[in-house]
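Let us walk through the empty and filled spaces of a protein, and then look at a few places in its backbone. Keep the structure open beside you as you read.

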Amino acid sequence: MSCDPSALAMAGIRGLSPYQAGKPIEELQRELGIAKVIKLASNENPLGPSPRVLEACQRALPELHRYPDSNGFGLKRALADRLGVEPAMLTLGNGSNDVLDLVARAFLGPGRAAVFSQHGFIVYPIATQACGARAIVVPARAWGHDLQAMAAAVTDDTAVVFVANPNNPTGTWVSDAELRAFLAQVPPRVIVVLDEAYIEYAAVDGFPDGIELLAEFPNLIVTRTFSKAYGLSGLRVGYGVSSPAIADLLNRVRAPFNVNSLGLVAAEAALADADYLARGRAANAAGMLQLEQGLQALGLDWIPSAGNFLAVDMGTEAMPLYQALLQQGVIVRPVGVYQMPRHLRITVGLEHENRLLLDALAHCLESGA
Ligand code: PMP
(Lines give C-alpha, C1' and ligand atoms only; values in the text may rest on other atoms or scores of the structure.)
Protein backbone atom coordinates (compact mmCIF):
# COMPACT_ATOMS: atom_id res chain seq x y z
CA MET A 1 0.00 0.00 0.00
CA SER A 2 1.58 3.31 -1.04
CA CYS A 3 -0.80 5.46 0.95
CA ASP A 4 -0.02 6.31 4.60
CA PRO A 5 -2.60 4.29 6.57
CA SER A 6 -2.91 7.07 9.16
CA ALA A 7 -4.23 9.35 6.40
CA LEU A 8 -7.05 6.86 5.89
CA ALA A 9 -8.18 6.93 9.54
CA MET A 10 -10.97 9.13 10.84
CA ALA A 11 -9.66 12.52 12.03
CA GLY A 12 -10.45 11.76 15.69
CA ILE A 13 -8.44 8.53 15.58
CA ARG A 14 -5.44 10.22 13.93
CA GLY A 15 -5.14 12.61 16.86
CA LEU A 16 -5.47 9.92 19.56
CA SER A 17 -2.73 8.69 21.87
CA PRO A 18 -3.23 5.13 23.09
CA TYR A 19 -4.17 4.53 26.74
CA GLN A 20 -0.99 4.05 28.78
CA ALA A 21 -1.42 1.18 31.20
CA GLY A 22 0.68 0.60 34.31
CA LYS A 23 3.96 -1.19 33.60
CA PRO A 24 3.51 -4.97 33.99
CA ILE A 25 5.52 -6.69 36.74
CA GLU A 26 7.01 -9.21 34.29
CA GLU A 27 8.29 -6.43 32.04
CA LEU A 28 10.25 -4.78 34.84
CA GLN A 29 11.52 -8.17 36.01
CA ARG A 30 12.87 -8.79 32.50
CA GLU A 31 14.39 -5.33 32.23
CA LEU A 32 16.13 -5.33 35.61
CA GLY A 33 16.78 -9.07 35.87
CA ILE A 34 15.34 -9.09 39.36
CA ALA A 35 12.54 -11.21 40.79
CA LYS A 36 11.32 -8.89 43.52
CA VAL A 37 9.08 -6.26 42.00
CA ILE A 38 6.03 -4.64 43.52
CA LYS A 39 3.36 -2.97 41.47
CA LEU A 40 1.29 -0.17 42.95
CA ALA A 41 0.38 1.26 39.58
CA SER A 42 -3.03 0.09 38.41
CA ASN A 43 -5.33 0.36 41.44
CA GLU A 44 -5.68 -3.41 41.61
CA ASN A 45 -6.85 -5.21 44.73
CA PRO A 46 -3.73 -6.26 46.67
CA LEU A 47 -5.52 -9.18 48.36
CA GLY A 48 -5.49 -11.29 45.19
CA PRO A 49 -8.71 -12.91 43.97
CA SER A 50 -11.33 -14.21 46.38
CA PRO A 51 -11.04 -17.99 47.01
CA ARG A 52 -14.72 -18.27 46.13
CA VAL A 53 -13.96 -16.75 42.73
CA LEU A 54 -11.19 -19.28 42.11
CA GLU A 55 -13.54 -22.16 42.95
CA ALA A 56 -16.24 -20.78 40.65
CA CYS A 57 -13.75 -20.41 37.79
CA GLN A 58 -12.47 -23.95 38.37
CA ARG A 59 -16.02 -25.28 38.11
CA ALA A 60 -16.58 -23.35 34.87
CA LEU A 61 -13.41 -24.54 33.08
CA PRO A 62 -14.90 -27.70 31.44
CA GLU A 63 -17.39 -25.51 29.57
CA LEU A 64 -14.81 -23.22 27.98
CA HIS A 65 -15.61 -24.56 24.51
CA ARG A 66 -19.07 -22.95 24.81
CA TYR A 67 -19.86 -19.31 24.13
CA PRO A 68 -20.82 -17.40 27.25
CA ASP A 69 -24.43 -16.42 27.96
CA SER A 70 -24.50 -13.26 25.84
CA ASN A 71 -27.20 -11.73 28.04
CA GLY A 72 -25.41 -12.57 31.30
CA PHE A 73 -28.66 -13.79 32.87
CA GLY A 74 -27.19 -15.11 36.14
CA LEU A 75 -24.94 -12.13 36.83
CA LYS A 76 -27.66 -9.63 35.93
CA ARG A 77 -30.12 -11.33 38.26
CA ALA A 78 -27.58 -11.31 41.11
CA LEU A 79 -26.73 -7.65 40.48
CA ALA A 80 -30.37 -6.67 40.21
CA ASP A 81 -31.09 -8.33 43.58
CA ARG A 82 -28.10 -6.67 45.19
CA LEU A 83 -28.76 -3.19 43.80
CA GLY A 84 -32.55 -3.27 44.02
CA VAL A 85 -33.01 -2.59 40.29
CA GLU A 86 -34.63 -4.44 37.37
CA PRO A 87 -32.33 -6.68 35.28
CA ALA A 88 -33.49 -4.66 32.24
CA MET A 89 -31.66 -1.65 33.72
CA LEU A 90 -28.26 -3.39 33.51
CA THR A 91 -25.69 -3.37 30.72
CA LEU A 92 -22.74 -5.70 31.18
CA GLY A 93 -19.35 -4.74 29.79
CA ASN A 94 -15.85 -6.06 29.21
CA GLY A 95 -14.78 -3.93 32.16
CA SER A 96 -16.65 -0.71 32.83
CA ASN A 97 -14.38 0.77 30.16
CA ASP A 98 -16.46 -1.13 27.62
CA VAL A 99 -19.66 0.46 28.99
CA LEU A 100 -18.08 3.93 28.71
CA ASP A 101 -17.31 3.12 25.07
CA LEU A 102 -20.85 1.89 24.47
CA VAL A 103 -22.17 5.20 25.81
CA ALA A 104 -19.88 7.11 23.46
CA ARG A 105 -20.91 4.98 20.48
CA ALA A 106 -24.60 5.30 21.27
CA PHE A 107 -24.73 9.01 22.09
CA LEU A 108 -21.64 10.72 20.66
CA GLY A 109 -20.35 11.35 17.14
CA PRO A 110 -19.41 14.18 14.78
CA GLY A 111 -21.40 17.33 15.57
CA ARG A 112 -21.83 16.38 19.23
CA ALA A 113 -19.80 17.19 22.31
CA ALA A 114 -18.95 15.60 25.66
CA VAL A 115 -18.17 17.54 28.84
CA PHE A 116 -15.67 16.27 31.39
CA SER A 117 -13.25 17.63 33.95
CA GLN A 118 -9.58 18.50 33.64
CA HIS A 119 -7.67 15.66 35.38
CA GLY A 120 -10.74 13.44 34.71
CA PHE A 121 -10.30 9.76 33.84
CA ILE A 122 -8.44 9.53 30.52
CA VAL A 123 -10.93 7.19 28.85
CA TYR A 124 -13.45 10.07 28.58
CA PRO A 125 -11.33 12.03 26.10
CA ILE A 126 -10.30 8.85 24.31
CA ALA A 127 -13.88 7.57 23.89
CA THR A 128 -15.10 11.02 22.88
CA GLN A 129 -12.40 11.60 20.29
CA ALA A 130 -12.55 8.05 18.94
CA CYS A 131 -16.11 8.57 17.78
CA GLY A 132 -15.46 11.99 16.28
CA ALA A 133 -17.15 14.09 18.97
CA ARG A 134 -15.82 17.32 20.45
CA ALA A 135 -14.38 17.41 23.96
CA ILE A 136 -15.27 20.23 26.34
CA VAL A 137 -12.73 20.09 29.16
CA VAL A 138 -13.73 22.05 32.25
CA PRO A 139 -10.92 23.35 34.49
CA ALA A 140 -10.70 21.49 37.79
CA ARG A 141 -11.26 23.13 41.17
CA ALA A 142 -8.80 21.99 43.85
CA TRP A 143 -7.94 19.05 41.53
CA GLY A 144 -11.57 17.85 41.54
CA HIS A 145 -14.65 18.25 39.36
CA ASP A 146 -16.10 21.76 39.38
CA LEU A 147 -19.68 20.59 38.89
CA GLN A 148 -21.17 24.06 38.64
CA ALA A 149 -18.75 24.98 35.88
CA MET A 150 -19.40 21.62 34.19
CA ALA A 151 -23.17 22.23 34.16
CA ALA A 152 -22.55 25.74 32.81
CA ALA A 153 -20.29 24.29 30.08
CA VAL A 154 -23.11 22.22 28.55
CA THR A 155 -23.76 23.51 25.01
CA ASP A 156 -26.60 22.84 22.58
CA ASP A 157 -24.52 20.12 20.95
CA THR A 158 -23.50 18.47 24.26
CA ALA A 159 -24.89 14.95 24.44
CA VAL A 160 -22.89 13.43 27.33
CA VAL A 161 -21.27 14.60 30.57
CA PHE A 162 -18.79 12.28 32.29
CA VAL A 163 -18.35 12.52 36.07
CA ALA A 164 -16.04 10.14 37.96
CA ASN A 165 -16.79 9.76 41.66
CA PRO A 166 -14.23 9.26 43.10
CA ASN A 167 -12.10 10.43 40.20
CA ASN A 168 -9.00 8.67 38.97
CA PRO A 169 -6.15 9.74 39.22
CA THR A 170 -6.94 12.51 41.72
CA GLY A 171 -9.09 10.53 44.20
CA THR A 172 -11.29 13.61 44.58
CA TRP A 173 -15.03 13.22 45.09
CA VAL A 174 -18.27 15.17 45.00
CA SER A 175 -20.90 15.07 47.74
CA ASP A 176 -24.49 13.91 47.45
CA ALA A 177 -25.74 17.49 47.73
CA GLU A 178 -23.34 18.75 45.05
CA LEU A 179 -24.22 15.92 42.72
CA ARG A 180 -27.99 16.40 43.12
CA ALA A 181 -27.68 20.13 42.47
CA PHE A 182 -25.64 19.38 39.35
CA LEU A 183 -28.08 16.78 38.04
CA ALA A 184 -30.97 19.18 38.56
CA GLN A 185 -29.11 21.76 36.45
CA VAL A 186 -28.14 19.56 33.49
CA PRO A 187 -30.85 19.46 30.81
CA PRO A 188 -32.67 16.09 30.68
CA ARG A 189 -31.66 15.73 27.00
CA VAL A 190 -28.02 15.30 28.11
CA ILE A 191 -26.81 11.89 29.29
CA VAL A 192 -24.85 12.05 32.55
CA VAL A 193 -22.42 9.20 33.12
CA LEU A 194 -21.57 8.76 36.78
CA ASP A 195 -18.47 6.56 36.86
CA GLU A 196 -18.37 4.80 40.23
CA ALA A 197 -15.45 2.45 39.57
CA TYR A 198 -14.10 3.03 43.09
CA ILE A 199 -17.32 3.54 45.05
CA GLU A 200 -16.83 0.45 47.23
CA TYR A 201 -13.78 2.15 48.76
CA ALA A 202 -15.42 5.52 49.38
CA ALA A 203 -15.80 5.65 53.15
CA VAL A 204 -16.72 9.32 53.29
CA ASP A 205 -19.77 10.89 54.96
CA GLY A 206 -22.25 12.26 52.45
CA PHE A 207 -20.84 10.20 49.59
CA PRO A 208 -23.59 9.72 46.98
CA ASP A 209 -24.89 6.38 45.73
CA GLY A 210 -25.71 6.87 42.06
CA ILE A 211 -28.22 4.02 42.00
CA GLU A 212 -30.44 5.97 44.40
CA LEU A 213 -30.53 8.89 41.95
CA LEU A 214 -31.70 6.92 38.93
CA ALA A 215 -35.43 7.22 39.63
CA GLU A 216 -35.18 10.99 39.91
CA PHE A 217 -32.84 11.54 36.95
CA PRO A 218 -33.73 9.32 33.96
CA ASN A 219 -30.81 10.74 31.94
CA LEU A 220 -28.32 9.16 34.36
CA ILE A 221 -26.08 6.13 33.64
CA VAL A 222 -24.12 4.76 36.60
CA THR A 223 -21.08 2.62 35.75
CA ARG A 224 -19.36 0.24 38.15
CA THR A 225 -16.73 -2.47 37.92
CA PHE A 226 -15.52 -5.76 39.33
CA SER A 227 -11.92 -4.71 38.60
CA LYS A 228 -11.19 -2.85 41.81
CA ALA A 229 -12.71 -3.77 45.18
CA TYR A 230 -13.96 -7.12 43.80
CA GLY A 231 -10.46 -8.06 42.67
CA LEU A 232 -11.21 -9.12 39.08
CA SER A 233 -9.16 -6.71 36.92
CA GLY A 234 -7.83 -9.58 34.81
CA LEU A 235 -11.24 -10.94 33.85
CA ARG A 236 -12.70 -7.60 32.68
CA VAL A 237 -16.25 -7.27 34.01
CA GLY A 238 -18.11 -4.02 34.56
CA TYR A 239 -21.67 -2.81 34.23
CA GLY A 240 -23.91 0.15 33.66
CA VAL A 241 -27.17 0.87 35.46
CA SER A 242 -29.68 3.13 33.76
CA SER A 243 -33.29 3.31 32.67
CA PRO A 244 -34.32 0.23 30.64
CA ALA A 245 -34.68 2.50 27.59
CA ILE A 246 -31.05 3.63 27.80
CA ALA A 247 -29.87 0.08 28.53
CA ASP A 248 -31.72 -1.03 25.39
CA LEU A 249 -29.78 1.53 23.32
CA LEU A 250 -26.44 0.47 24.81
CA ASN A 251 -27.29 -3.14 24.12
CA ARG A 252 -27.69 -2.35 20.42
CA VAL A 253 -24.03 -1.38 20.06
CA ARG A 254 -22.65 -4.02 22.44
CA ALA A 255 -20.50 -6.71 20.82
CA PRO A 256 -21.99 -10.19 21.17
CA PHE A 257 -20.45 -12.12 24.09
CA ASN A 258 -18.62 -9.02 25.33
CA VAL A 259 -18.27 -10.54 28.80
CA ASN A 260 -16.44 -13.88 28.83
CA SER A 261 -17.74 -16.97 30.59
CA LEU A 262 -15.18 -16.97 33.41
CA GLY A 263 -15.84 -13.29 33.98
CA LEU A 264 -19.56 -13.94 34.35
CA VAL A 265 -19.21 -16.70 36.95
CA ALA A 266 -16.34 -14.97 38.74
CA ALA A 267 -18.29 -11.72 39.10
CA GLU A 268 -21.29 -13.57 40.48
CA ALA A 269 -19.09 -15.36 43.01
CA ALA A 270 -17.31 -12.12 43.93
CA LEU A 271 -20.61 -10.37 44.49
CA ALA A 272 -21.62 -13.09 46.94
CA ASP A 273 -18.38 -12.86 48.93
CA ALA A 274 -19.15 -10.09 51.43
CA ASP A 275 -16.21 -11.11 53.61
CA TYR A 276 -13.70 -10.50 50.80
CA LEU A 277 -15.12 -7.05 50.14
CA ALA A 278 -14.96 -6.18 53.84
CA ARG A 279 -11.36 -7.40 54.12
CA GLY A 280 -10.40 -5.35 51.08
CA ARG A 281 -11.97 -2.20 52.45
CA ALA A 282 -10.30 -2.65 55.83
CA ALA A 283 -6.92 -3.32 54.20
CA ASN A 284 -7.38 -0.21 52.07
CA ALA A 285 -8.25 2.01 55.03
CA ALA A 286 -5.23 0.74 56.99
CA GLY A 287 -2.91 0.99 53.98
CA MET A 288 -4.10 4.49 53.16
CA LEU A 289 -3.31 5.61 56.69
CA GLN A 290 0.10 3.93 56.54
CA LEU A 291 0.91 5.67 53.25
CA GLU A 292 -0.30 9.05 54.47
CA GLN A 293 1.77 8.83 57.63
CA GLY A 294 4.83 7.70 55.68
CA LEU A 295 4.43 10.43 53.07
CA GLN A 296 4.01 13.03 55.76
CA ALA A 297 7.23 11.86 57.40
CA LEU A 298 8.94 12.32 54.03
CA GLY A 299 7.60 15.87 53.82
CA LEU A 300 5.44 15.09 50.78
CA ASP A 301 1.96 16.38 50.03
CA TRP A 302 -0.91 14.46 48.42
CA ILE A 303 -4.47 14.97 47.28
CA PRO A 304 -6.97 13.52 49.81
CA SER A 305 -8.47 10.43 48.16
CA ALA A 306 -11.70 8.44 48.51
CA GLY A 307 -10.31 5.63 46.35
CA ASN A 308 -7.60 2.98 46.74
CA PHE A 309 -4.80 5.24 45.50
CA LEU A 310 -3.13 8.56 46.25
CA ALA A 311 -1.86 11.24 43.88
CA VAL A 312 1.33 12.40 45.58
CA ASP A 313 2.94 15.76 44.81
CA MET A 314 6.68 15.19 44.40
CA GLY A 315 7.35 18.92 44.51
CA THR A 316 9.10 18.74 41.16
CA GLU A 317 8.75 17.06 37.76
CA ALA A 318 8.03 13.46 38.80
CA MET A 319 9.35 11.38 35.88
CA PRO A 320 12.93 11.05 37.22
CA LEU A 321 11.53 9.81 40.52
CA TYR A 322 9.27 7.34 38.69
CA GLN A 323 12.33 5.99 36.87
CA ALA A 324 14.37 5.85 40.08
CA LEU A 325 11.57 3.89 41.79
CA LEU A 326 11.55 1.42 38.88
CA GLN A 327 15.26 0.85 39.53
CA GLN A 328 14.28 -0.06 43.09
CA GLY A 329 11.74 -2.58 41.75
CA VAL A 330 8.72 -0.42 42.57
CA ILE A 331 6.16 0.41 39.87
CA VAL A 332 3.89 3.40 40.42
CA ARG A 333 2.05 5.51 37.86
CA PRO A 334 3.22 8.78 36.32
CA VAL A 335 0.28 11.06 35.52
CA GLY A 336 1.79 13.61 33.15
CA VAL A 337 -0.88 12.74 30.57
CA TYR A 338 -3.40 14.04 33.11
CA GLN A 339 -1.66 17.42 33.21
CA MET A 340 -0.21 16.45 36.58
CA PRO A 341 3.54 16.29 35.85
CA ARG A 342 4.56 16.75 39.50
CA HIS A 343 2.41 13.88 40.81
CA LEU A 344 2.81 10.14 40.96
CA ARG A 345 -0.24 7.99 41.55
CA ILE A 346 0.38 5.29 44.12
CA THR A 347 -2.06 2.41 44.65
CA VAL A 348 -2.62 1.39 48.26
CA GLY A 349 -0.99 -2.01 48.72
CA LEU A 350 -0.53 -4.50 51.52
CA GLU A 351 1.41 -3.46 54.61
CA HIS A 352 4.76 -4.80 53.38
CA GLU A 353 4.24 -3.34 49.89
CA ASN A 354 3.49 0.11 51.30
CA ARG A 355 6.55 -0.17 53.50
CA LEU A 356 8.76 -1.11 50.52
CA LEU A 357 7.35 1.79 48.52
CA LEU A 358 7.97 4.27 51.32
CA ASP A 359 11.51 2.96 51.86
CA ALA A 360 12.27 3.14 48.13
CA LEU A 361 10.82 6.63 47.97
CA ALA A 362 12.92 7.75 50.93
CA HIS A 363 16.02 6.27 49.27
CA CYS A 364 15.31 7.99 45.94
CA LEU A 365 14.61 11.36 47.60
CA GLU A 366 17.79 11.14 49.66
CA SER A 367 19.87 10.30 46.61
CA GLY A 368 18.35 13.30 44.86
CA ALA A 369 16.52 11.44 42.05
N1 PMP B 1 -13.36 4.37 35.54
C2 PMP B 1 -12.32 4.77 36.26
C3 PMP B 1 -12.43 6.06 37.02
C4 PMP B 1 -11.15 4.00 36.31
O5 PMP B 1 -10.11 4.41 37.01
C6 PMP B 1 -11.10 2.78 35.58
C7 PMP B 1 -9.87 1.91 35.58
N8 PMP B 1 -8.67 2.51 35.58
C9 PMP B 1 -12.22 2.43 34.83
C10 PMP B 1 -13.33 3.23 34.84
C11 PMP B 1 -12.24 1.22 33.96
O12 PMP B 1 -11.97 0.07 34.66
P13 PMP B 1 -12.45 -1.35 34.16
O14 PMP B 1 -12.59 -1.29 32.67
O15 PMP B 1 -11.41 -2.27 34.61
O16 PMP B 1 -13.78 -1.57 34.81
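A cavity, as the word is used here, is a set of grid points where a 1.4 Å probe fits but cannot get out. A residue lines a cavity if it has an atom within 4 Å of one of those points. The model you are looking at is predicted.

Start with these closed spaces. A search of the whole structure finds two cavities of 30 Å³ or more. The largest cavity holds about 60 Å³ of space. Its lining is made of Asn45, Pro46, Leu47, Tyr201, Gly280, Ala283, Asn284, Val348 and Gly349. Find them in the structure one by one. Sorted by class, five of these lining residues are nonpolar and four are polar, with no charged residues.

Now turn to the second largest cavity. Its volume is about 40 Å³. Around this space you will find Asp69, Ser70, Asn71, Gly72, Lys76, Leu92, Arg254, Phe257, Asn258, Val259 and Leu264. Here the classes are four nonpolar, four polar and three charged residues.

Next come the pockets, which are open sets of points. Which space does the ligand take? The ligand occupies the largest pocket. About 530 Å³ of space lies in this pocket. It is lined by 26 residues, and the closest to its centre are Tyr19, Ser42, Phe121, Lys228 and Arg236. Helix H6, residues 96–107, gives the largest share of the lining, with three residues. By class, the lining of the largest pocket has nine nonpolar, 10 polar and seven charged residues.

Look at the ligand itself. The residues around it are Gly95, Ser96, Asn97, Phe121, Asn168, Asp195, Ala197, Tyr198, Thr225, Ser227, Lys228 and Arg236. Three residues of this shell are nonpolar, six are polar and three are charged.

Which polar atoms of the protein lie a few ångströms from the ligand? Take three cases. Ser96 uses its backbone: a polar backbone atom of Ser96 is 2.7 Å from an oxygen atom of the ligand. Asn168 uses its side chain, with a polar atom 2.7 Å from an oxygen atom of the ligand. Asp195 also places a polar side-chain atom by the ligand, 2.6 Å from a nitrogen atom. How much of the ligand does the protein cover? On its own, the ligand has 390 Å² of accessible area, and the protein covers 93% of that.

Move on to the second largest pocket. It contains about 430 Å³ of space. Of its 27 lining residues, Pro18, Tyr19, Gln20, Ile122 and Val337 are the closest to its centre. Tyr19 should sound familiar: Tyr19 is also listed among the residues closest to the centre of the largest pocket. Three elements each supply at least two residues of the lining: helix H7 (123–130), helix H13 (319–327) and strand E12 (333–334). The largest share, three residues, comes from H7. By class, this lining has 17 nonpolar, seven polar and three charged residues.

Finish with the backbone. Go to the loop between strand E5 (158–164) and helix H9 (176–185), where Pro166 is found. The peptide bond from Asn165 to Pro166 is cis, with omega near -5°. Pro169 lies in the loop between E5 and H9 too. A cis peptide bond joins Asn168 and Pro169, and its omega is about 15°. You have met Asn168 before, as one of the residues around the ligand.

One more loop deserves a stop. It runs between strand E4 (134–138) and helix H8 (147–152), and Ala142 is found there. What is the sign of phi at Ala142? Phi is positive at Ala142, about 50°, although this residue is not a glycine.

Technical notes: Residues numbered from 1 in each chain as written. Predicted model: local features only at pLDDT ≥ 70, side-chain atom pairs only at ≥ 80, totals over all residues. Heavy atoms only, no water. Near = heavy atom within 4 Å. Polar contact = N/O pair within 3.5 Å; in protein donor to acceptor, adjacent residues only side chain to side chain. Areas by Shrake-Rupley, 256 points an atom, 1.4 Å probe, with all protein chains shown as cover. 1 Å grid on protein atoms, 1.4 Å probe; cavity = no way out; pocket = protein on both sides within 12 Å on 5 of 7 lines; lining within 4 Å. Sits in = over half its atoms within 2 Å of the grid points. Nonpolar A, V, L, I, M, F, W, Y, C, P; charged D, E, K, R; others polar. Points joined across faces, edges and corners; volume = space filled by probe spheres on them. Helix = DSSP H or I, 4+ residues; strand = E, 2+ residues; numbered from the N terminus.
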